[in-house]
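Hi everyone, thanks for making time for this. I'd like to walk you through one structure, going from a few individual residues out to the whole chain. Please have the model open in front of you as we go.

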Amino acid sequence: DRLGRKRALALSACPHLVAWFCTALVSHPLLLQMLRMLTGFAIGMGVAVAPSFIGEIATTDLRGPLGIAIQLSMNLGLLLVNVTGTYRPVQQELEGESFSNWR
């Protein structure tokens, strides 16, 4: 509340940028997991702040559709990633286990 919702949303973009930039450069599994946790933290910040920010700035007739759009886009994104990962060809085998690399 001290920062304000607009600034909190803008600040949630910083960990996203850092994590995605570093993810493109790093190949160590532990560092990748730490960067993924950072991305999760940033997503949590955005998801927590965005509905209240929309509630403050949107007109009453747009609050519902915009609030639904946040949840719908998140769920469709998760579905897309899971379906894509399911049908992507396997690229790596380790100790008898098959893994699909995401990058």
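Let's start with a small detail: the side chain of aspartate 61 makes a polar contact with the side chain of threonine 59, at 2.5 Å. Aspartate 61 sits in helix 3. Is aspartate 61 buried or exposed? With a relative accessible area of 58%, aspartate 61 is exposed. Before I go further, please keep in mind that this is a predicted model.

Now let's stay with helix 3, which covers residues 60-87. Isoleucine 68 is found in this helix, and isoleucine 68 is exposed as well, because its relative accessible area is 57%. Which residues make up the nonpolar surface patch? They are Ile68, Leu72, Leu76, Leu79, Val83 and Tyr87, and the patch comes to about 650 Å². If you click through those six names on your screen, you can follow the patch for yourselves.

Next, the charged side chains. How many salt bridges does the structure hold? The answer is one. The partners are arginine 5 and glutamate 56, and their closest N and O atoms are 3.3 Å apart. This pair links distant parts of the chain, with arginine 5 in helix 1 and glutamate 56 in helix 2. In sequence the two are 51 residues apart, while C-alpha to C-alpha they are 9.2 Å apart in space. Both ends of the bridge can be described in terms of accessibility: arginine 5 counts as partly exposed at 27%, and glutamate 56 also counts as partly exposed, at 49%.

Let's move to two threonines. Threonine 23 lies in helix 1, which spans residues 5-25. Its relative accessibility is 6%, so threonine 23 counts as buried. What does the side chain of threonine 23 reach? It reaches the backbone oxygen of alanine 19, at 2.5 Å.

The other one is threonine 39, in helix 2, residues 29-57. Threonine 39 is buried too, because its relative accessible area is 10% and the cut-off for buried is under 20%. Which residues does threonine 39 touch, once we leave aside its neighbours within four places in sequence? Those contacts are His16, Ala19 and Trp20. Notice that alanine 19 has come up twice now: its backbone oxygen is reached by the side chain of threonine 23, and Ala19 is in contact with threonine 39.

I expect somebody will ask about cysteines. A disulfide is a covalent bond between the sulfur atoms of two cysteines. How many disulfides are counted here? The count comes to zero. As for accessibility, cysteine 14 is partly exposed, with a relative accessible area of 42%, and cysteine 22 counts as partly exposed at 26%.

Finally, let's zoom out to the whole protein. There are three helices and two strands, and from the N terminus on the elements run α-α-α-β-β. How much of the protein counts as buried? Of its 103 residues, 17% do, and threonine 23 and threonine 39 are among the buried ones. The protein exposes about 8100 Å², and carbon and sulfur atoms supply 67% of that area. Looking at contacts with a separation of 6 or more, residues 24 or more positions apart account for 45% of them.

So, to recap the stops on our tour: the polar contact between aspartate 61 and threonine 59, the nonpolar surface patch that includes Ile68, the salt bridge from arginine 5 to glutamate 56, and the two buried threonines, 23 and 39. That's everything from me, and thanks for listening.

Methods
Residues numbered from 1 in each chain as written. Predicted model: local features only at pLDDT ≥ 70, side-chain atom pairs only at ≥ 80, totals over all residues. Heavy atoms only, no water. Helix = DSSP H or I, 4+ residues; strand = E, 2+ residues; numbered from the N terminus. Buried < 20%, exposed > 50% of the residue type's maximum accessible area, 1.4 Å probe, protein only. Polar contact = N/O pair within 3.5 Å; in protein donor to acceptor, adjacent residues only side chain to side chain. Patch = residues over 30% accessible without salt bridge, like charges linked within 9 Å, V, L, I, M, F, W, Y side chains within 5 Å. Areas by Shrake-Rupley, 256 points an atom, 1.4 Å probe, with all protein chains shown as cover. Salt bridge = Lys/Arg side-chain N within 4 Å of Asp/Glu carboxyl O. Contact = heavy atoms within 4.5 Å. Disulfide = S-S within 2.5 Å.
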